[in-house]
Amino acid sequence: MKILIIVVVLSIIMSFKLDSDNSLLYQQSLLNHLSKVKTDTIYIFKCFDIDLPYAVEGHYIVDISENTSSFLDGKSSLYAIKLMPIQVNKGIVEITLVDYMLINNLGEIQMSNTGSVSFSYKYKNNKYKFLNKTKSTI
Amino acid sequence: MDPSKGKNASMVSTDRIDFHSHPSRSKKVQGGTAIWAQPPSAQDIKTATGKDYVFGMRDGTIYIYTTKGIVATLPISTFKK
C-alpha cells in the first residue's frame, strides 16, 4: 500500500513538473518567435491543457480559442499564433507555432495560414537546451 | 521582333523565374475556417529572386512579386480557357 501511495504522489509531482516545463518551453518559443515584433498583446489559439501565464516579459497573452469573433470586433484583421501540441521524437522536443492572419469575411472568420516555425529542444542535465529553429513557408 | 527577318521569335528570359502555388483547401476549425494565405508570404517576398509568381488557387489570383513586395496581380482565368 505504501508503495502505491508513493507511486501516485510521484506521478502527481512529475505531471506538475511536466506541465511547468511545457509552459516554459512554449513561453520561450513565443518570445523567440516574436523577438523582432513590437507588440503588447500576443493573441493565441491553444488547447485547454496548455497552461500559460497571463503575461510573459511584458507581453499579455490572450487566448482567443473561444469567442474568436469578438476579438476581431472593430479590427480589419488580427494576427494570432496557434500553439501546436508538443511533439517528442528521439528525445528531441519540438514546438510548432503557426502564424494566422484573421479576417472577418461576411460574418465568417477566415484564418489564413501564413507559415509556421518549429523550435527544437533537447533535455540534458536537468534542463532544456535550445537546438534550432525551422521555418516552414507556404 | 521583326517577323520578316526569319529569326526565332520565341521569348527567352535571362532572368530566373520562380513560381509556386498556395493551396485552395479550407478546413472548419474552432474559431473559424482555416485557409492558406493566398498572397506571397513574408518569407516568399524575402527570398524572391527577381519577379516571382504565386498562384493563389483559392482566390484565383496570380501574384507577381519581388523583394519589395507585390508588384502586380492578375486573374488566373487570364491563362485558363
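In this predicted model, Val56(A) has His59(A) as its bridge partner in strand 3 of chain A. That pair belongs to a small piece of chain A in which strand 2 (residues 55-56) and strand 3 line up antiparallel, held over two bridges. The two strands form a hairpin with two residues between them, and there Glu57(A) takes a positive phi near 45°. Strand 3 of chain A, which covers residues 59-63, also pairs with strand 1 (residues 41-45) of chain A, this time running parallel and joined by four bridges. Within that pairing, Ile44(A) finds its bridge partner in Asp63(A). So much for this part of chain A; chain B comes next.

Chain B has one helix and six strands. Going along the sequence, these come in the pattern β-β-β-α-β-β-β. Of its 81 residues, 19% are buried. Among contacts in chain B with a separation of 6 or more, 33% are between residues 24 or more positions apart.

Four of the strands of chain B come together in an open sheet, with the order 1-4-5-6 and mixed pairing. Strand 1 (19-22) and strand 6 (69-75) sit at the edges, each pairing on one side only. On average, and with direction ignored, neighbouring strands here are turned by 25° against each other. As a general point, strands of a sheet pair through backbone hydrogen bonds, in either a parallel or an antiparallel way. At one end of the order, strand 5 (residues 61-66) of chain B meets strand 6 of chain B in the antiparallel sense, with six bridges joining the two. One of the residues involved is Thr61(B), whose bridge partner in strand 6 of chain B is Pro75(B).

That leaves the place where the two chains meet. Here 12 residues of chain B are in contact with 17 residues of chain A. On the chain B side, strand 3 (32-36) and helix 1 (42-46) are the elements that give two or more residues. Strand 3 of chain B gives the most, with five residues. By type, the chain B residues that touch chain A split into seven polar, four nonpolar and one charged.

Strand pairing also crosses from chain to chain: strand 7 (residues 108-124) of chain A and strand 3 of chain B run parallel and are joined by four bridges. In this pairing, Gln110(A) stands opposite Thr33(B). Strand 3 of chain B thus turns up twice in this account, once as the element giving the most residues to the side touching chain A and once as the parallel partner of strand 7 of chain A.

Notes. Residues numbered from 1 in each chain as written. Chains lettered and ligands numbered in written order. Predicted model: local features only at pLDDT ≥ 70, side-chain atom pairs only at ≥ 80, totals over all residues. Contact = placed C-beta atoms within 7 Å. Nonpolar A, V, L, I, M, F, W, Y, C, P; charged D, E, K, R; others polar. Pairing = 2+ DSSP bridges. Buried ≥ 20, exposed ≤ 12 C-beta atoms within 10 Å, placed from the backbone. Axes fitted to C-alpha atoms, helices over the stretch in contact; angles between N-to-C directions.
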